[in-house]
Amino acid sequence: MHETRYHRPSSLDEAAKILSASADGRYLSGGQTLIPTMKHRLAEPTDLIDLTRLAELKGISESGGALTIGAATTHAEVASSDAVRKAIPALAALAGKIGDPAVRHKGTIGGSIANNDPGADYPAAALGLGATIHTSKRAIAADDFFKGMFTTALEDGEIVTKVSFPIPTKAAYEKFHNAASRYALTGVFVAVTKGGDVRVAVTGAGASGVFRAGGIEAALSSTFAADAIGGVAIDSSDLLSDIHGSADYRANLIKVMAERAVAAIA
Amino acid sequence: MAKDGIGASVLRKEDRRFTTGQGTYTDDVNRPGQLHAVFVRSPHAHATIKSVDLTAARAMPGVVAIHTGEELAEGGINNLICGWGITSKDGTPMKMGPYPPLAIGKVRFVGQPVLAVVAESRGQAEDAAHAVEVDYDILPSVTRLADALNPDAPAVHHFEADGAVWEHGQPPKNLIFDWELGDAKATDQAFAKAKHVVKIDVVNNRTVPSAMEARAVVAEYASAGEHFTLWNTTQNPHLLRVVLSAFINVAPEHKLRIIAPDVGGGFGSKIFTYSEEVVCLWSAKATGRPVKWASSRSEAFLTDAHGRDHITTAEMAFDENHKMLGLKVDTIANLGAYMSLFASLIPTYLYGPLLSGQYAIPAIHCNVRAVYTNTVPVDAVRGAGRPEATYVLERLIETAARELGVDRAELRRKNFVRTFPYQTPVLWQYDSGDYDGLLDSVLAKADWNGFPARKAESAKRGKLRGIGLSCYIEACGVAPSSAVGGALGCGVGMWEMAEIKVNPVGTVEVFVGTLGHGQGHETTYAQIAADRFGIPIDSISVIEGDTDKVQQGMGSYGSRTAGNGTSAVSKALDKVEAKAKKIAAHLLEASEDDIKIEDGNFVIAGTDKKLTLTEVALAAYAFHKLPTDIEPGLDEKAYFDPVNLTYPAGAFVCEVEVDPATGTTEIVNFTAVDDFGNVINPMIVEGQVHGGVIHGIGQALLEEVVYDPDSGQLMTGSYNDYCMPRADNLPTNFELAFQVTPSPSNPLGVKGCGEAGAIGAPPAIINAITDAIGTNDLQMPATAEKVWRALQGVSAKNAA
Amino acid sequence: MTTVAMTVNGKAVSVDSEDRALLVEVLREKLNLTGTHVGCDTSQCGACVVLVDGVAVKSCTMLAAQADGSTVETIESLAKNGELHPMQVAFNENHGLQCGFCTPGMIMTAVDMVRRRGKTLDDTTIRHELEGNICRCTGYVNIVKAIKAGAARM
């Protein structure tokens with residue numbers, strides 16, 4: 001790892017100031033992706049600004065039909081939260097499938113959303129539930145937030161502060177994990193909103209990161225049943241193909257995972 | 001039998017330090033004034049080194065030295081060696097490309113060490129290593145085994161200058177040797193009269209060994225006595241010392257002490273001599289300070305010798321009664337960019353002679369072409385050659401049963417070897433076994449006959465259930481030295497040494513030249529001594545892994561410890577016992593022949609006159625009452641050179657459920673019945689089988705080294721991309737049992753157990769999956785996608 | 001350089017280290033607690049698992065500076081006055097270790113597992129909970145057994 005300077009600011013403002021004063025600073029949340037990346041010198045930030053102890057980024061609350069989770073909340077906290085389990089059990093279950101127990105004790109929802117790894121689980125929930133991502137500057141709809149692999153709408157210095165998930169009528173997440181890394185080779189989040197809309201978000205499979213599966217949404221909107229998905233055509237040309245899975249295989253998994261998610265809640 | 005003696009599941013003596021964090025692994029060793037080495041490695045699969053600029057790196061904080069290949073060569077350091085010479089069938093020796101510890105002029109695989117940066121801290125050494133500038137001219141590379149012999153493949157080494165004369169003109173450029181075993185003519189004749197011939201093409205996937213402790217080195221030099229000490233993650237400290245001194249010339253043997261402290265697994269990877277040991281020893285002398293190197297996992301993927309990597313075509317001839325007539329095997333084996341220490345042995349004498357399996361096959365011919373590629377060197381990984389042979393044979397037989405429409409178990413049974421010793425047509429002579437017993441036992445335990453009902457039940461849940469069988473043979477402890485060192489080309493003797501020291505207070509120290517790295521040697525050897533003297537194992541210490549304490553040894557690999565190590569210990573115990581009895585007889589005024597050992601006492605048979613071991617030992621050292629024809633001391637050494645290998649065998653049944661929607665395989669039942677001869681500690685042996693079987697599950701379902709064919713980059717360079725088996729890959733039900741036919745080749749009748757699981761499991765698993773999915777067209781690892789694809793092929797065929 | 005103040009195995013310590021130093025490096029190199037191991041560099045093998053503020057984390061994927069102000073428990077903390085922790089006893093009695101390298105991480109993970117999931121653990125739960133710990137020797141069979149037995153006795 002390249003040498004760096006570690007900072008632990010006491011407010012969002014201070015964090016932003018340290019970042020702007022640094023030559024090439026990075027915010028540090030759970031660090032479960034960033035630190036291994038730094039160990040391999042694939043990232044060499046001059047400064048690390050630790051956000052995990054900021055009170056402004058903590059807490060889980062429910063109001064106005066939405067569940068709001070502070071960005072520094074760990075996956076373990078989400079998975080075991082009574083509030084999350086009650087309001088959106090699929091979200092708690094998803095958090096409990098990220099990485100492994102030790103990783104879940106450190107990794108945070110804000111870090112995961114901001115990093116937007118193409119195999120990460122949270123982006124599927126955020127997009128599938130139509131979440132709003134609140135930042136130090138503004139609120140961004142999930143539909144506008146994820147801009148492709150490791151790319152988001154966040155501007156330089158902008159910090160994810162919390163994520164608000166509208167509580168759906170029902171939702172389920174099915175993950176087919178990469179046997180080695182345990183990231184999602186393909187994960188499908190299916191939700192029926194309070195307004196009756198069906199949203200289906202796919203992670204792990206897209207060549208440009210998380211995306212909504214319009215064909216499946218349309219099919220489920222007319223009949224919300226697992227066997228409605230069989231006839232949907234998935235265009236594999238937009239899907240990832242790598243040593244862990246071809247685009248064709250991922251296309252198959254999208255349908256199978258979607259069917260299983262629907263079967264769990266139909 | 002003593003409570004802690006042979007046959008008892010004694011809890012391990014070594015566990016206390018490991019469970020409390022007090023184990024001492026090489027990276028836990030720190031020496032005063034220690035420097036840290038970091039290696040600059042080739043980022044290219046094949047390139048010429050045009051220039052190296054060290055100016056910036058040398059000026060970095062903390063940098064003490066940067067070593068180059070040229071510097072080592074000028075200092076008289078020789079190339080790394082391959083210690084087993086193989087001769088091609090046309091009589092020419094194998095072609096060994098020079099393997100300097102640090103690259104000179106050219107690099108031939110991604111990860112090859114080019115320079116070593118030595119600095120005050122590891123961080124500083126890393127920083128400086130990143131500041132080194134090496135200018136490469138990238139050359140075309142070949143990484144895939146299947147491409148290595150193509151006429152247009154780039155040459156990994158150029159041998160033209162060697163002046164080697166080949167009988168039939170220049171061989172393909174990447175060919176290392178073209179070796180054969182068995183009688184080609186007799187085999188052709190067998191095929192000519194065959195009623196049925198069955199043929200398969202199989203790939204044995206390349207894997208990494210991946211011991212959880214990565215390799216590490218601490219080297220120290222004392223200028224006063226010109227003496228070196230090397231702490232190293234090695235499976236064989238004495239063998240390493242011979243290679244480092246006699247061949248590589250980095251330190252004289254009598255001034256090089258090698259200490260293998262606790263070693264965190266090996267699986268073959270820690271047998272070999274690597275660049276890092278050589279360079280750290282060199283650096284310790286050059287800098288005058290201790291030098292440490294500890295491999296990262298990423299470096300381990302790029303440098304620890306890989307395993308397997310064969311492609312094979314095999315055919316078996318049967319007569320009208322389904323008796324085997326002959327077997328033909330044609331294999332290409334990838335040995336990587338350079339020949340590692342035992343690279344040539346693995347696809348030859350650890351492979352060809354295993355092809356007879358448990359079967360009486362009158363004629364066998366095996367041809368192996370070994371090739372260079374621009375990949376990490378390939379050498380022994382758990383099983384080493386034997387898994388590859390077993391996989392070929394057991395898939396071939398399963399295929400034959402399906403094609404001939406006969407029961408798989410019965411086809412095997414019909415062809416079993418039943419009389420021992422049995423001379424195979426491929427060198428080895430099996431010493432003992434009961435293959436019918438193994439098969440009967442495994443079929444009963446696995447409820448083989450109840451399978452159709454279970455399959456029907458799975459089908460109701462939308463799952464495809466399959467069952468597979470594998471009957472394996474192993475050959476442990478390559479022997480005897482006179483044979484392997486002569487005709488077979490081994491560069492060393494394959495004996496083992498032990499010394500038993502009874503201290504004046506009656507405690508016992510067992511010194512032995514093997515090297516436990518997880519197998520529980522401290523407990524097992526202590527059990528043997530406890531058994532002999534009837535004393536508790538707490539009064540026995542086992543010492544391995546220090547060339548200053550243990551006089552000689554050959555180390556632990558190839559499941560050789562059980563057969564060779566325990567035999568050397570037994571022989572040394574014989575000598576100690578004889579002497580102790582002589583002393584006791586004198587003290588008790590009895591005849592030596594009348595002295596018996598009972599419950600830790602030397603007793604005159606039929607009387608109550610006795611001496612404790614302590615009394616006898618004290619007399620041996622406090623030498624007051626003994627006559628002059630007895631030497632003082634109670635300390636004896638013995639070498640054991642086996643007369644034959646040992647031949648463990650087993651039968652495995654694997655039952656899987658495949659999810660047709662995703663191709664995911666779940667191993668629902670795994671049943672293993674093994675014959676390891678006599679078992680010293682059943683608990684430890686069961687643990688070895690568990691580990692071996694899961695290792696086999698890894699190869700069959702999950703593990704595969706992948707290189708990018710264009711760039712030559714290793715694509716599976718971390719646990720993110722290379723899939724290690726996890727706890728949730730365990731079979732849902734896992735049953736094992738032992739059957740005992742003692743080996744006649746060693747005093748304790750033991751055979752060895754460390755590799756059996758990894759040898760027998762892969763074909764059982766693949767045979768089960770192919771049974772479930774209804775097609776034989778499947779190669780390892782049977783990942784979910786591969787199985788799903790195979791199923792798509794079946795549906796397409798059915799639709800057509 | 002930074003100064004990290006932590007409570008490690010019940011003792012207050014203050015260590016000067018580079019900001020880039022990982023928690024595992026400080027434990028091993030500055031505090032000589034070499035029971036915590038490093039088995040990979042991608043946060044997967046779990047040989048480095050310790051408890052930070054009471055929960056399992058991978059000490060190779062955390063800067064020491066992040067642990068400033070925290071309580072850290074390593075494998076060396078489990079045995080009290082020479083008496084082994086029930087999980088350590090269970091690993092011995094069930095032959096849950098071979099080479100011992102992954103063992104400290106396995107045991108710390110197991111202790112964390114019991115704290116979160118209770119003393120009655122079934123095989124499926126244990127297998128799933130061990131997703132972040134790799135062992136090459138044992139095939140996990142006896143590790144699962146050991147954790148089940150150790151949990152019951154905690």
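# Close-up views of the chain contacts

The predicted model has four salt bridges between chain A and chain B. The views below start at that interface and then move to chain C and to pairs inside chain B.

**Figure 1. Chain A meets chain B through 20 residues on its own side and 25 residues on the other.** Let us begin with the overall picture of this interface. Together the two chains bury about 1600 Å², and 48% of that lies on carbon and sulfur atoms. On the chain A side, the residues that lose the most area to chain B are Arg41(A), Ile243(A) and Tyr249(A), which together account for 32% of what that side buries. Polar contacts link twelve residue pairs between chain A and chain B, with both partners at pLDDT 80 or more. Helix α11 of chain A, residues 247-265, supplies the largest share of the side that touches chain B, namely seven residues. Sorted by class, that side of chain A holds nine nonpolar, seven polar and four charged residues.

**Figure 2. Arg41(A) pairs with Asp127(B) in a salt bridge.** Here we zoom in on one pair. The closest N and O atoms of Asp127(B) and Arg41(A) are 2.6 Å apart. Arg41(A) was also named among the residues of chain A that lose the most area to chain B. Side chains of opposite charge can pair when their charged atoms come close.

**Figure 3. Chain C meets chain B through 41 residues of chain C and 51 residues of chain B.** Now for the other partner of chain B. About 4000 Å² is buried between chain C and chain B, with 54% of it on carbon and sulfur atoms. His95(C), Arg127(C) and Arg136(C) lose the most area to chain B within chain C, and together they make up 21% of what that side buries. As for confidence, chain C averages a pLDDT of 97, and 100% of its residues score at least 70. For the complex, the predictor gives an ipTM of 0.98 and a pTM of 0.97.

**Figure 4. Four salt bridges cross the interface of chain C and chain B.** In one of them, the side chains of Glu703(B) and Arg136(C) meet with N to O at 2.7 Å. Between chain C and chain B there are also 25 residue pairs in polar contact, both at pLDDT 80 or more. The elements of chain C that give two or more residues to the side touching chain B are α2 (86-93), α3 (103-117) and α5 (141-153). Helix α2(C) gives the most, with four residues. That side of chain C is made up of 17 nonpolar, 16 polar and eight charged residues.

**Figure 5. Glu220(B) and Arg31(B) form a salt bridge inside chain B.** Their side chains meet with N to O at 2.7 Å. Glu220(B) sits in strand β9 (residues 216-222) of chain B and Arg31(B) in the loop between α1 (15-19) and β1 (35-41), so this pair ties together parts that are 189 residues apart in sequence. Which partner is buried? Glu220(B) is, at 17% relative accessibility. Arg31(B) is partly exposed, with a relative accessible area of 31%.

**Figure 6. Glu126(B) and Arg122(B) pair within one helix of chain B.** Both residues lie in helix α4 (residues 122-131), four residues apart, which is about one turn of the helix. The closest N and O atoms of this salt bridge are 3.4 Å apart. Glu126(B) is buried, with a relative accessible area of 18%, whereas Arg122(B) is partly exposed at 34%.

**Figure 7. Arg461(B) and Glu457(B) form a salt bridge, and a charged network spans the chains.** The closest N and O atoms of Arg461(B) and Glu457(B) are 2.9 Å apart. Both residues count as partly exposed: Arg461(B) has a relative accessible area of 43%, and Glu457(B) has 37%. Elsewhere, salt bridges that share partners join Glu3(A), Arg41(A), Arg122(B), Glu126(B), Asp127(B), Glu18(C) and Arg20(C) into one network. Over all chains, the structure holds 75 salt bridges.

Key: Residues numbered from 1 in each chain as written. Chains lettered and ligands numbered in written order. Heavy atoms only, no water. pLDDT = per-residue confidence, 0-100. Contact = heavy atoms within 4.5 Å. Buried area = accessible area lost by both parts, 1.4 Å probe. Polar contact = N/O pair within 3.5 Å; in protein donor to acceptor, adjacent residues only side chain to side chain. Nonpolar A, V, L, I, M, F, W, Y, C, P; charged D, E, K, R; others polar. Buried < 20%, exposed > 50% of the residue type's maximum accessible area, 1.4 Å probe, protein only.
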